[in-house]
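Me: I've got this model open and I'd like a close look at one part of it, the sheet. Could you walk me through how it's put together?

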2 protein chains.
Amino acid sequence: MSKPVLIVGSVAYDNIITPFAKGTQILGGSASYASIACSYFSQTQLVGVVGTDFDPSFIERFKKHGIDLEGLEVDESGKTFFWEGEYSEGFKTRETLAIELNVFETFEPKIPESKKNPSFVMLGNIAPSLQSHVLDEIEGNPFVLADTMDLWMNIAKEDLLNLLPRLDMLVINDEESELLTGESNVILAGQKILTMGPKMLIIKKGPNGAILFHPGGMFCVPSYPVTELRDPTGAGDSFAGAFIGHLAAKDSTDFSVLKEALFYATATASLTVEAFSLERLETAGKEALEARYKELIKLSQL
Amino acid sequence: MSKPVLIVGSVAYDNIITPFAKGTQILGGSASYASIACSYFSQTQLVGVVGTDFDPSFIERFKKHGIDLEGLEVDESGKTFFWEGEYSEGFKTRETLAIELNVFETFEPKIPESKKNPSFVMLGNIAPSLQSHVLDEIEGNPFVLADTMDLWMNIAKEDLLNLLPRLDMLVINDEESELLTGESNVILAGQKILTMGPKMLIIKKGPNGAILFHPGGMFCVPSYPVTELRDPTGAGDSFAGAFIGHLAAKDSTDFSVLKEALFYATATASLTVEAFSLERLETAGKEALEARYKELIKLSQL
């Protein structure tokens, strides 16, 4: 019954500076977060690229979660994608201090032959032209979820707009929804985005929960009450990975399953933000995740 | 089974300037909003003061909602409390342009003899010393809910801190919770406020819903998806009035009833903000309110 999920995105070294601490050369990238999150729910197939400098112990961390790495290319020509960012006091803003594309500069996702007919595909946050390229490569009619970010709205909006009608689900945050539509009211922004192509939409509001826009209506989930925010990097990727992981586990995209998935996605993201990189999420275990799911249910259900 | 609610607060003339329009000499004041909101659920007793200039048609509006006005004093010595405020673009901030206390300057709430033994009391947003005075005047052991605002945290913090241990429920917004505790994390702020005296707490987060802090745990409700925000004045008063109104209607403060009340409070506040003053709330009718309650349930319940 459970189906695998094909996840395409970045795998990276991150340097992250928060008001509390600094993480150096830690495992990052949209596909890394999404894959570990997804692996709690379904068989996960990662497609991405790393350079010759990629730490073998990071590979072990993926393997420990049973992630299929056939699609993780090792590009002998260079180094792994690197990103350095700094969060301001209270995590109110994030500034990119350095970015080195390295092997990511010429990356063109290659889907292994055996994985070209997936049921569930997550297009992690990479250039929308690459996301479209992935959809060109695969066959059949999978459920397609995409994440994106403000950067692409600013420098590759046309590509993003071309991608949207090919999506079953777009997952963005409230600031991005305003940037994409010019609408500051998140409800109006969501309604406008649905007219731009994706069948469904999730708008994440950080500590204020998330809203699913579905043809059957809207659905809201509160955030998990995080009191130990340490590093929000990867929260969105983890959210999306867990979300599609639950759909694949149930092999269903029924509204009721999408709603459950929202709760699991929220629970998963709350673990990610409690430590640098994947440190908390990958060690938490399925039981901790289920416990948070149940807490979220208790927190919101009459 | 249903019990009456005693509501003490301000009754005022407001001038309100929004990015869209201006409302002049409109009905305002914490007790006005709270009483009309409460009247949809329970018999409502208003205690407040107006001046000789108070528009008799405003009295009729209260009476149309069956509000008991025995405690509404008409002070022959002056004019009604007046407030003028302006909202910035996107309702992001509110500035007080003018304030004339008038008869409110010497106001001391007088509880009619027949109403001195209430079961449910709402202390609307007035000076905390006056709120405490009301509690001195009444007998028995009613359920006491209080609203307050940033002003009192800045100019009468001692009075407010003295009031808190006398409350069953404090209702404030997220900015106020940070001002009161110095905590920007709303969960930590809420936990801290519970140590300051009130048995329970609600923190409202505007378009991001509200959180109930209860000895039995937290409970979250999303906001109603308002797309026609016209004037947020009175949203908090309406929220609190509806909340206690539902408790009184059920004559219960069980956790399950408090949760239901959160949904009704949210539905009620969403009507208030769609027009100036009480224009939308007072004409909406119980059916419109019930419809929004049901929508909120659909929006959040699995």
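Reply: Sure, and keep in mind that this is a predicted model. Let's start with a helix packed on the sheet: α7 of chain A (residues 186-194) lies across β10 (169-173), β11 (200-204), β12 (210-214) and β13 of chain A. Against β12(A), helix α7(A) runs at about 35°.

Now for the sheet itself. It's an open one with nine strands in chain A, ordered β5-β4-β1-β8-β9-β10-β11-β12-β13, and the pairing is mixed. The edges are β5 (68-74) and β13 (217-221) of chain A, each of which pairs on one side only. From one strand to the next, the twist averages 15°.

Zoom in on β1 of chain A, residues 5-8. Both of its faces are covered: A:Val5 and A:Ile7 on one side, A:Leu6 and A:Val8 on the other, and all of them are buried. As for its partners, β1(A) runs parallel to β4 (residues 44-50) of chain A, with four bridges joining them. In that pairing, A:Ile7 has A:Leu46 as its bridge partner. Four bridges also join β1(A) to β8 (residues 120-123) of chain A, again in parallel, and there A:Val5 stands opposite A:Phe120.

Keep going along the order and you get from β8(A) to β9 (residues 143-147) of chain A. These two run parallel as well, joined by four bridges, with A:Leu123 opposite A:Ala146 in β9(A). As a general reminder, strands of a sheet pair through backbone hydrogen bonds, either parallel or antiparallel.

Technical notes:
Residues are numbered from 1 along each chain as its sequence is written. Chains are lettered from A and ligands numbered from 1 in the order in which they are written. This is a predicted model: local features need pLDDT of at least 70, side-chain atom pairs count only at pLDDT 80 or more; totals for chains, interfaces and linings use all residues. Side-chain values use heavy atoms; hydrogens and water are left out. Buried means under 20% relative accessible area, exposed over 50%, partly exposed in between (1.4 Å probe, protein chains only). Two strands pair if DSSP finds at least two bridges between them. Axes are lines fitted to C-alpha atoms, for helices over the stretch in contact, and angles run from 0 to 180 degrees between N-to-C directions. Contact means heavy atoms within 4.5 Å.
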